Amino acid sequence: MFRIKLFEKFISRRPVRKVMSLYKYEHSKRVAKLTKELSSSDDVYYGALYHDFLEKGGSEEESKKVLSFKSYELIISLSHDDDEDTLTALITSLQDKPQDFINNIIYIKLCDRTDNLKTRFSNDKLKNKYIKKSAKLIQFLYDSFEGDKSILDSFIEKHIFSIIPKMIEKVILNSFNEV
C-alpha cells in the first residue's frame, strides 16, 4: 500500500504528470489489478503499475527510487521504443532470462494487452491489425510460459474469449461500412 501512495504522489508531480497522463495512470492501475489474478508477487504488481512509465519518457533513476530491484528489472524488460514492434522487442528482451522472470513478464504483458483490447473495444478504436498483432503476441506469451498453464487458460477465457464474439461482430459490421 505504501508504494501505491508513493506512486500516486510521484505521478502527481508536474514533470511526471507530463509523462504519465491520467488515462495512462488509470490503465496502469487496471493492469496491476489484473496481475493479481495471475500472481501474488508484489514485484509483478509494481512492475505492472510502472510498465509504461519508461516508454512515456520517465527516467530510470525516478523509477529506481520507488521500485524493488525485481520490479525495476521487469519494467526495463517491458520497455521499448514506440516505433519498435512489441513482439519483436519482447522476444529480444527475454533472451537469456530465467524462466521465473519470463513468467512474470508474461503476466504483466498479458494483462497489459488484455486491458488494451478491452479499452480499444469499448472506445470503438479496435482495428483488425491490432487484433491480429494481439493474437500473435498472446500466442507467443502462452507458448513461452512454463508452469501451470491452467492459470493462463482461465485468465484468457475470462478476459479475452468473453469479448471475442462482440469483437468479431464489430469487425464484420465495420468492414461492411467501409465498402
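Me: Is Asp96 buried or exposed, and what is its relative accessible area?

Reply: This is a predicted model, in which local features need pLDDT (the predictor's confidence in each residue, from 0 to 100) of at least 70 and side-chain atom pairs count only at pLDDT 80 or more, while totals for chains, interfaces and linings use all residues. Residues are numbered from 1 along each chain as its sequence is written, and side-chain values use heavy atoms, with hydrogens and water left out. Buried means under 20% relative accessible area, exposed over 50%, and partly exposed in between, with a 1.4 Å probe and protein chains only. By that rule Asp96 is exposed, because its relative accessible area is 82%.

Me: What is the phi of Asp96?

Reply: Asp96 is placed in the loop between H7 and H8 (helices being DSSP runs of H or I with at least four residues, and strands E runs of at least two, numbered from the N terminus). Its phi is positive although the residue is not glycine, with a value near 65°.

Me: How many helices does the protein have?

Reply: Along the sequence the pattern reads α-α-α-α-α-α-α-α-α-α-α. The protein contains zero strands, and its number of helices is 11.

Me: Which element has the lowest mean pLDDT?

Reply: For the protein, the mean pLDDT is 82, and 80% of residues reach 70 or more. Over residues 13-18 pLDDT stays under 50, and the model has six contacts (heavy atoms within 4.5 Å) for them beyond four places in sequence. Where pLDDT is low, the predicted coordinates should not be read in detail. Among the elements, H4 has the highest mean at 93, and the lowest, 46, belongs to helix H2 (residues 14-19).

Me: Which element gives the most to the largest nonpolar core?

Reply: A nonpolar core is a set of buried Ala, Val, Leu, Ile, Met, Phe, Trp, Tyr and Cys residues joined through side-chain atoms within 4.5 Å. The largest has 42 residues, of which Leu38, Tyr50, Leu67, Ile105 and Leu110 touch the most other members. At least two residues each come from H3, helix H4 (42-49), H6, H7, H8, H9 and helix H10 (150-161). With 10 residues, the element that gives the most to this core is H8.

Me: By what distance are the C-alpha atoms of Ile108 and Ala32 separated?

Reply: Ile108 lies in helix H8 and counts as buried because its relative accessibility is 1%. Beyond four places in sequence, Ile108 is in contact with Val31, Thr35, Val44, Gly47, Ala48, His51, Leu74 and Leu78. Ile108 and Ala32 are 76 residues apart along the chain, and the separation of their C-alpha atoms is 7.7 Å.

Me: Which element supplies the largest share of the lining of the largest cavity?

Reply: On a 1 Å grid over the protein atoms alone, a cavity is a set of points where a 1.4 Å probe fits but cannot get out, a pocket is an open set with protein on both sides within 12 Å along at least five of seven lines, and lining residues have an atom within 4 Å of a point. Three cavities of 30 Å³ or more are found, and the largest holds about 40 Å³ (the space filled by probe spheres set on the points, which are joined across faces, edges and corners). Its lining includes Ser77, Thr86, Ser93 and Lys109. The largest share, four residues, comes from H7.

Me: What relative accessibility does Ser77 have?

Reply: Ser77 is placed in helix H6 and is one of the residues lining the largest cavity. Not counting residues up to four places away in sequence, Ser77 touches Ser93, Lys97, Phe101 and Ile105. Ser77 counts as buried because its relative accessibility is 7%.

Me: How many charged residues are in the lining of the largest pocket?

Reply: The volume of the largest pocket is about 570 Å³, and 24 residues line the pocket, with Thr86, Arg113, Asn116, Arg120 and Tyr130 nearest its centre. Helix H3 (22-35), H7, helix H8 (99-122) and helix H9 (128-144) each give two or more lining residues, and the largest share, six residues, is from H8. Ala, Val, Leu, Ile, Met, Phe, Trp, Tyr, Cys and Pro count as nonpolar, Asp, Glu, Lys and Arg as charged, and the others, Gly among them, as polar. On this scheme the lining has four nonpolar and six polar residues, and the number of charged ones is 14.
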